[in-house]
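Please find below some comments on the model you sent round, set out as numbered points. They are meant to be read with the coordinates open.

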Amino acid sequence: MNADELQAYRDALKCNFKGLDAVFEDCMNEALLLLSEQGIKDYLKGASLVCMIGRGFEPVLVYLEKMPQVAKQLGEPTLSLVSQAVWDLSRSPNGNAIPPFLQTIAEASRRLGSEEQLRLYVKILMDMMERTTGSIHGFHTTIPSPGLPELLQQVPYLLNNLSLHGFKNWIDYGVRNYQNHPERQKNYFCLQSADSRAILQRERHGTLFIDNERKLDLYLRSLWQDPEHLVPYSSGLDELRKPMPYYDAYGIRVPDVYDDVNDANGNVTGIDRYRALLAHIAAHRRWTTAIIADNFSPFQRIAIETLEDSRVESLAIQEYPGLRQLFIRLHPKPDENACKSAEESCIRHRLTILSYAILDAHHPYKNEVILEYVERFNEIISDKTNGTKEIADLAISFVAKTRRQSDQLPKVHFTDTEIDYRDDNRHMWRFIEEGDEEEMFEEKRKLEPEEHEPEGLPPRHYPEWDYNTKTYRPDWVSLYESLHPAGNAADIDKLLDKHAGLAKQLKHILDLLKPQQYVRVRYQEEGSELDLDVAIRSLIDFKSGAQPDPRINMSHKHDGRNIAVMLLLDLSASLADTPDGCTQTILELSQEAVALLSWAIDHLGDKFAIAGFSSNTRHEVRYQHIKGYSEQWCDTVKARLAAMEAGYSTRMGAAMRHAAHYLSAQKADKKLLLVLTDGEPSDIDVTDQQLLIQDAHKAVQELDQDGIYTYCINLDANVKPGEDDYVTRIFGNHYTIIDKIDRLPEKLPKLFMSLTG
Amino acid sequence: MTDINIEQYNIKQEPYYEIQSNEVVLYKAAYKARMPVMIKGPTGCGKSRFIEHMAWKLKKPLITVACNEDMTASDLVGRYLLDANGTRWLDGPLTTAARIGAICYLDEIVEARQDTTVVIHPLTDHRRQLPLDKKGELINAHPDFQLVISYNPGYQSLMKDLKQSTKQRFTAMDFDYPSAKVEASIVEKETGIDTATAIKLVKIAETARNLKGHGLDEGISTRLLTYAARLIINGIDPTDACRMALVRPITDDVDIRSTLDHAIDTIFA
Ligand SMILES: Nc1ncnc2c1ncn2[C@@H]1O[C@H](COP(=O)(O)OP(=O)(O)O)[C@@H](O)[C@H]1O
Ligand SMILES: [Mg+2]
C-alpha cells in the first residue's frame with residue numbers, strides 16, 4: 001500500500017478524531033491482509049457509521065482493531081452486522097453500552113465460531129436491550145437499560161459456560177422477573193443474586209462442542225482418517241425449524257451443545273451423540289456419490305435420502321460394530337399404528353419405520369411391505385459393488401409400492417420421525433437446472449511482485465533436484481540474502497510479557513537442561529578419583545568371595561551442550577492467514593513462538609541463528625537474515641523479528657541449502673536445522689507439485705550427509721500423516737504437526753527442549 | 001577359544017516369523033557378503049524376531065545385546081576381573097561373537113552413548129578386526145561373524161541420533177508395521193487368538209497410527225497387540241485388555257485416550 005492508496009482509504013473513512021491517524025495505517029495493513037475488496041469497503045463504511053454516532057474515539061478504535069479478525073474468522077457480513085448493532089444502540093438511550101458491547105465482539109466470535117451464531121448473539125442482546133429500556137409516558141424510551149452494561153461485562157464468562165440457547169434462557173429469566181426493578185435487574189445481570197446463579201446452573205448442561213473440539217477432531221482423524229474441520233451452530237434457538245447438521249465445502253456443521261439422552265438402557269452421553277453424528281457424516285463422505293435431483297419427486301427424494309442414510313450406516317457398522325447400538329439408541333422408534341392415514345400424510349412415518357427396521361433386527365414391526373423391503377435392502381447391501389444409485393432405485397420402488405392418496409395431505413405426521421444424529425443430506429444432490437455457478441472471486445488486490453531486484457549481496461546459486469530425470473539442475477536457483485528490515489523491538493518484549501506465565505514454566509525445564517559446569521560420571525573402570533561407595537561395596541563382594549564390580553572410579557566431565565541450531569522460517573504469503581479457530585495470523589503466532597524459543601535458547605546458551613525465506617520464482621529466492629550466530633538475543637534482533645512479514649511462495653530446498661551453508665560452518669557436536677512452515681513447498685513457476693517436494697527431500701538428505709539433523713514443525717492441519725503426505729516425503733520421521741496453531745508459542749520451545757534434552 | 005559354549009547361542013527351534021516382503025532375500029545377500037546391517041523401524045514391529053529367525057535359518061549362533069545408556073565400551077568388549085589368584089580376562093559379548101562367528105545383534109543402538117558405539121567401527125570395515133587394548137590382543141573376526149544393529153528412527157531426539165560416521169558403515173533395511181492382513185495373522189499365530197479378534201485388534205492399532213504426529217509419536221506396536229491378545233485368551237474382557245495393553249502404555253493425553261477407548265468400544269461391541 002503506497003501513500004496514495006492509504007490516503008484513498010483514509011478519505012473513504014468519514015471520521016476526524018485526532019487519534020485516528022496514528023493507528024489508521026496499521027489497521028489498514030491488517031485489514032488488507034485479511035479482507036476482500038468488498039470487505040475493505042464494508043469495513044470502512046462500518047467504521048464511518050461507528051464514528052458518526054458521536055461517542056468519542058474509543059468505539060471507532062475498537063471497531064477498527066478487532067473487526068478484521070472477526071470478519072476473517074466468521075465472514076465479512078459480520079462487518080455490517082456489528083456496525084449496524086452499534087448504530088441501533090446509539091439510537092436508543094443505551095449509548096453507554098456501546099464500548100462494552102464492542103469489547104465483547106472479539107471474545108464472542110471466538111467462542112461462537114460462526115456468523116449465524118454471532119448474529120443470534122447480537123439479536124439476543126438487542127432484544128434484551130429493548131425489553132429493559134424504560135419508558136416514561138408510555139412511548140418515549142428514555143431511561144437506559146440498567147442491566148445491559150452489567151450483562152456485557154459478564155459475556156465472556158457466560159459464553160464459556162452456556163450454549164447460546166442457555167445464554168438466551170438465562171437472560172429471559174432476568175428480564176421477565178426484574179424488568180421493573182432497576183437495582184435487582186443489575187444484581188441479576190452481574191451474577192450477584194442467588195437466583196441468577198441458580199438459573200446459570202440450570203442452563204449449564206449438556207456437552208459443549210467448544211470444550212470437546214479436539215476430542216472430536218481426533219475422532220474423525222483416527223477412526224475415519226478425515227481431517228475436515230468442524231463448525232458449530234446454535235441448536236434450539238430457532239424454535240420453528242430445528243437446524244440440522246450438514247456439511248459443505250466450508251466444513252461440517254454441528255450443534256454447539258448436545259444433552260445426554262436417557263432411554264431404557266441408560267444414558268447416551270453428549271460426546272457419544274457427537275460421535276454418532278460424525279460417524280454418519282464421515283460415512284456419507286466416504287461412500288455417498290451425489291446424484292442428479294431434477295428427475296425425482298419430493299417424495300422420492302426423501303425416500304432416497306432415508307435409504308442412503310441407512311446404507312452408509314450399514315457400511316459404517318461393518319467397520320465399527322459398536323455403532324449399531326449407538327444408532328439404535330438414538331433412532332426414534334415410531335409406533336406402527338400411530339399414523340392415521342385417513343387424516344394425515346404418513347410418508348415420513350413409513351420411512352422412519354423402514355429405517356429403524358433396517359437398523360435393528362429385533363424391531364417389533366409386522367407390516368409385510370416393510371419386511372420385504374428390509375430384505376431387499378440387505379440384498380443390495382451385501383453386494384459391495386452397489387452404491388447410491390442402486391439404493392435410489394430401491395427407494396423409488398418403495399415409494400411406488402406404498403403410495404397412498406393421503407400422502408399428499410398437508411398435515412404430515414411428524415411424531416417420532418426426526419432422526420437427529422443424521423445430517424440434512426444436501427451433499428447428495430446435484431441440480432442441473434439452476435446451474436451451480438461457483439462464486440469466482442478473484443483476489444485482484446493481491447500485490448503484484450515488485451519488479452526490482454532485491455538489493456544487497458550478489459546472488460548465490462544453488463542446484464535443484466529434478467526427480468523426473470534424477471539429476472540436479474546446476475545453478476538453477478538464485479538466492480538473495482539480505483538483512484531483515486527492523487521494526488520495533490519493544491513489540492517483541494510485549495509478546496514475551498504476554499507469555500510471562502509460560503516463560504516461568506519453561507524456565508523450570510530450562511534450568512534442568514542447562515549445562516552444569518561439571519558432572520560426575522560414576523561407575524568408571526578408569527577415572528580421576530576413587531568412588532568410595534562403590535569401592536567399598538566391591539571390596540565387600542571380593543572379601544566374601546563374590547565377583548567384585550571393577551568400576552570403582554569416577555571422573556568428571558564438562559557437560560557441554562555443544563549444539564548449533566538454525567531456525568528457518570517460512571515467510572510465504574499463506575502465513576498471513578488466520579487459521580480456523582484462531583484469532584491471530586500464523587505469522588503473529590510464529591513471532592510469539594520464535595520470540596519465546598529464542599529467549600529459551602539464549603538462556604541455554606546454545607549457538608543459535610534465525611533466518612526467514614520466501615520465493616518468487618527460481619530467479620528470486622529471498623533469504624532474510626534475522627539473527628546470526630555471533631549476534632546476541634538483543635534489541636537489534638528483536639526489532640527484525642518484530643518486522644517479519646508474509647509474502648510470496650515457498651521454495652524450500654534452496655533456502656535449506658543456504659541455511660546449511662551457515663550451519664555447517666559452526667563447530668558443534670550436534671547441528672539442528674528447524675524448519676517452521678505452514679504448507680508444502682511451491683512456487684509460481686513450478687506446476688509439477690512433486691518437484692519442489694522432491695527437491696526439498698533431496699536437500700534433507702544432503703544435510704544429513706553433512707551431519708545436520710533437520711526437523712520440521714508443520715502448521716498445516718490438513719496433513720494426513722502417511723507415506724504419501726508431503727511432510728513425510730520431505731522429512732521422513734522428523735516432524736511434528738501442530739494441530740492447534742494457537743498453542744504454537746507454548747509448543748515450539750517445549751519441542752526444542754525435548755529434541756535436544 | 002575352547003571354553004566358550006557355542007551351543008548356548010544357537011537357536012534350537014524355528015522362531016515364527018511372517019515374511020513381509022523381500023527382507024529374507026536381502027538379508028541373506030548381506031550376510032553372504034558379511035556386510036553390517038542396520039534394521040530400522042518403530043518399536044515392536046518385528047526387528048528382533050526377524051534376526052532370530054534369520055540366525056536360525058542360516059544356522060548361526062546369535063548374540064543379542066540390549067543397549068542402554070550406562071553401557072560402556074568394556075561392557076561390549078570385555079574386562080579384567082579380580083579373582084583369588086589375581087586377575088582374569090572376560091570377553092564381552094561383542095568379542096565372543098567375533099571369536100565364535102556369531103551374528104551380533106545390538107538392539108536399540110542409539111540408547112548407548114556415542115563413545116561406546118565407536119568400538120564397533122573397526123569391525124565394520126574391511127579389516128573386520130577388534131582390538132582389545134587393555135589385553136593387548138587384536139582379534140580377527142571369525143569368517144561367520146556379522147554385526148547387526150537396530151535403530152528406531154521415530155525417536156525424535158537430536159541427542160539420540162546415530163553419528164553420521166556410524167550410519168555410513170551399515171547397509172540398512174526399513175521395517176514397518178505389517179499390512180493389516182499380515183499383522184492379524186501374526187497376532188493369531190503368535191498367541192492362538194481367534195481370527196475375528198485378531199482383526200479387531202489390528203483395526204484398533206490402525207486408528208491409533210492415524211494419530212501419529214497429532215499427539216502420538218508412535219502408534220500401537222505389533223508387540224502390544226500380542227499382549228492384548230494374550231490377556232484376552234486369559235479371560236480378560238477384550239475392552240479391558242485393550243485399554244491395559246494398547247492405550248494406557250502409549251499415552252497420557254486425555255483426549256487421545258478417550259478417542260481410542262471409544263474406538264475399542266465400538267470395534268468390540
Ligand atoms: N513379521 C512378524 N512375524 C512374527 N511375529 C512378529 C512379526 N512382527 C512382529 N511380531 C510380533 O511382535 C513382537 C515384537 O517384535 P520384536 O521383534 O520384538 O520387535 P522390535 O525388535 O522391532 O522392537 C514379537 O514378539 C512378535 O510377537
Ligand atoms: Mg445423511
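The points below go from the chains as wholes to single elements and sites.

1. The coordinates are those of a predicted model, and every value in this note should be read with that in mind. In chain A the secondary structure comes to 27 helices and 22 strands, while in chain B it comes to 12 helices and nine strands.

2. On burial and contact range, 52% of the 757 residues of chain A count as buried, and for the 269 residues of chain B the figure is 55%. When contacts in chain A between residues at least 6 apart in sequence are taken, 73% of them join residues at least 24 apart. In chain B, residues 24 or more positions apart account for 72% of the contacts with a separation of 6 or more.

3. The largest nonpolar core has 90 residues, and those with the most contacts inside it are Trp224(A), Leu323(A), Leu201(B) and Leu246(B). Helix H13 of chain A, residues 270-287, gives the most to this core, with nine residues. A second, separate core has 65 residues, and it includes Ala47(A), Leu151(A), Phe167(A) and Leu191(A).

4. What surrounds Leu201(B) once its neighbours within four places in sequence are left aside? The residues in contact with Leu201(B) are then Val187(B), Leu225(B), Ala228(B), Ala229(B), Ile232(B), Cys242(B), Leu246(B) and Phe268(B), and of these Leu246(B) is itself named among the residues with the most contacts inside the largest core.

5. Arg209(B), which lies in helix H9 of chain B, residues 195-209, deserves a look of its own. Its relative accessibility is 19%, and because buried means under 20%, Arg209(B) counts as buried. Leaving aside neighbours within four places in sequence, Arg209(B) is in contact with Tyr177(B), Glu183(B), Gly219(B), Ile220(B), Ser221(B), Thr222(B) and Leu225(B); Leu225(B) is also one of the residues in contact with Leu201(B).

6. Helix H6 of chain A, residues 98-112, has 15 residues and reaches 20 Å from its first C-alpha to its last, which is close to the 21 Å expected at 1.5 Å a residue. The helix nevertheless has a kink of about 35°, centred on Ile105(A). H6(A) is mostly covered, with 12 of its 15 residues buried; among them are Pro99(A), Pro100(A), Phe101(A), Arg111(A) and Ile105(A), the residue at the centre of the kink. After H6(A) comes Gly113(A), whose phi is positive, near 80°.

7. How many disulfides does the model hold over all chains? The count comes to two, and those of chain A follow the pattern 1-2, 3-4 when bonded cysteines are counted along the chain. In one of them, Cys15(A) and Cys51(A) have their sulfur atoms 2.0 Å apart, and the torsion about the S-S bond is about 80°, so this disulfide is right-handed. The pair links distant parts of the chain, 36 residues apart, with Cys15(A) in the loop between helices H1 and H2 of chain A and Cys51(A) in helix H3. Both Cys15(A) and Cys51(A) are buried.

8. The other disulfide joins Cys339(A) and Cys346(A), whose sulfur atoms are 1.9 Å apart. With -90° about the S-S bond, the link of Cys339(A) and Cys346(A) is left-handed, and both of these cysteines are buried. Two further cysteines may be checked for exposure: Cys27(A) counts as buried at 6% relative accessibility, and Cys190(A) is buried with a relative accessible area of 17%.

9. Which residues coordinate the magnesium ion, ligand 2? His280(A) and His284(A) do so through NE2, Asp309(A) and Asp423(A) through OD, and Asn425(A) through OD1, at 2.1 to 2.4 Å. In sequence these donor residues are spaced H-x3-H-x24-D-x113-D-x1-N. Distant parts of the chain are linked here, since His284(A) lies in helix H13 of chain A and Asp423(A) in the loop between helix H18 and strand E11, 139 residues apart. His284(A) counts as buried at 0% relative accessibility, and Asp423(A) is buried with a relative accessible area of 2%. Helix H13 of chain A thus appears twice in this note, as the place of His284(A) and as the element that gives the most to the largest nonpolar core.

Key. Residues numbered from 1 in each chain as written. Chains lettered and ligands numbered in written order. Predicted model: local features only at pLDDT ≥ 70, side-chain atom pairs only at ≥ 80, totals over all residues. Heavy atoms only, no water. Helix = DSSP H or I, 4+ residues; strand = E, 2+ residues; numbered from the N terminus. Expected span 1.5 Å × (residues − 1). Bend = angle between axes of the 7 residues up to and from the residue. Buried < 20%, exposed > 50% of the residue type's maximum accessible area, 1.4 Å probe, protein only. Disulfide = S-S within 2.5 Å. Core = buried A, V, L, I, M, F, W, Y, C linked by side-chain atoms within 4.5 Å. Contact = heavy atoms within 4.5 Å. Donors = N, O, S within 2.8 Å, 3.2 Å for Na, K, Ca; no water.
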